[in-house]
Amino acid sequence: METENNPSAKPSQHEKPEILLATRNKHKTREIQTMLGEGVLVTDATQHEHLPEIEETGTTFEENSKLKAEGISLHVSGIVLADDSGLEVDALGKEPGVYSARYAGPGCTDEENTALVLKRMKGFPDEVRTARFRCVLAVAENGVTLATFDGTVEGILAHEVRGVGGFGYDPIFMPIGYKESFGELSSEIKHSMSHRSRALAQFREWWASRG
Ligand code: IMP
C-alpha cells in the first residue's frame, strides 16, 4: 500500500488497513486511533502535506464534515473520514456549535474558548447549564459522501475549569451521571460514552459491512 496516494485502500496480507482522517487536529486523531485499536493505522492531513486546507463554511456539523471528507477525498484514492464536532449549550442558543474551535476568535486557544463559555454562563444555575457534545463523521470517496454517522453525549457545564485531561471543552463538561468533568475522568470513561465513540461505532459497523 502506498501511504501517500492510497490511504484507506485494502491492505495486502501483512499490512494494517489505513484510515485517512481529514483533520489536522491531533487530539481527534489520537482519540480515533485509540478507539479503533492497533489493528488499524489512522493517519491525518499532517502526514500528507499535499492535502489542501478545507474551509468549514457549513452551518451544521453534517455539512462541515461532508465538506472536509469530500474535499480531501478528491486528492487521494480510497475512503476518507472526517469529524466535525463541538459543544452545544442550550442557554446560549446551542452556541458555540459549529464555531466551537474558533468561538473566542480566529486562532484562539482551547483555554480562551472555555473561558468565554464560562463567562457567558456565569451565574446560571445547574438546571439551565445543560449541554451536549456532538460529532458527525462523514466518509467520502472521489468527492462523494458515502455515509454520515451522528453521535451525542448529554451533560451539564461545570462552573469552573476542572481537570487537565482531554482537550477542548472537556474540563467544563460533566456527562450525565458523573460529578466529574471529562477533564477529570479517565480517557477510558470518556471513550465509553463520548459523542465521537458513538459515531465511530456506527462507522465501524458500516466499514465492516463493506467487507
Ligand atoms: P472542528 O475541528 O471544527 O470539528 O472543531 C472541533 C472543536 O470542538 C474542537 O476544537 C473542540 O473545541 C470542540 N470539541 C470537539 N470534540 C471535543 C471533545 O471530545 N472534547 C472537547 N472538545 C471537543
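Here are three short exercises on the ligand site, the largest pocket and the backbone of this predicted model.

Before you start: residues are numbered from 1 along each chain as its sequence is written. Local features need pLDDT of at least 70 and side-chain atom pairs count only at pLDDT 80 or more, while totals for chains, interfaces and linings use all residues, and side-chain values use heavy atoms, with hydrogens and water left out.

**Exercise 1. Work out which residues come nearest to the ligand, and which polar contacts they offer.**

Step 1. Start with the shell, where a residue counts as near if one of its heavy atoms lies within 4 Å of the molecule. There are 17 residues around the ligand, and Lys28, Glu56, Asp170, Lys190 and Arg196 come nearest.

Step 2. Now look for pairs of N or O atoms within 3.5 Å. Lys28 puts a polar side-chain atom 2.7 Å from a ligand oxygen atom. Asp170 has one 2.8 Å from a ligand nitrogen atom, and Arg196 has one 2.9 Å from a nitrogen atom of the ligand. On its own the ligand exposes 490 Å², and the protein buries 94% of that (Shrake-Rupley areas, 1.4 Å probe).

Step 3. Sort the shell by class: four nonpolar, five polar (Gly is put here) and eight charged residues.

Step 4. Assign the shell to elements, using DSSP runs of at least four residues for helices and at least two for strands. Strand E3 (80-89) and helix H5 (195-209) each supply at least two residues, and E3 gives the most, with four.

**Exercise 2. Describe the largest pocket and its lining.**

Step 1. A pocket is an open set of points on a 1 Å grid over the protein atoms alone, with protein on both sides within 12 Å along at least five of seven lines; lining residues have an atom within 4 Å of a point. The volume of the largest one is about 880 Å³, and the ligand sits in it (more than half of its atoms lie within 2 Å of the grid points).

Step 2. The lining has 35 residues, with Thr23, Asn25, Lys28, Glu56 and Ala101 nearest the centre. By class, that's twelve nonpolar, eleven polar and twelve charged.

Step 3. E3 gives the most to this lining, with four residues.

**Exercise 3. Find where the backbone has a cis peptide bond and where it has a positive phi.**

Step 1. Recall that most residues other than glycine have a negative phi, and most peptide bonds are trans.

Step 2. Glu95 and Pro96 are joined by a cis bond, with omega about -5 degrees. Pro96 is in strand E4 (residues 95-96).

Step 3. Lys94, in the loop between E3 and E4, has a phi near 70 degrees.

How values were computed
A polar contact is a pair of N or O atoms within 3.5 Å; within protein, one must be able to donate a hydrogen and the other to accept it, and residues adjacent in sequence count only if both atoms are side-chain atoms. On a 1 Å grid over the protein atoms alone, a cavity is a set of points where a 1.4 Å probe fits but cannot get out, and a pocket is an open set with protein on both sides within 12 Å along at least five of seven lines; lining residues have an atom within 4 Å of a point. Grid points are joined across faces, edges and corners, and a volume is the space filled by probe spheres set on the points.
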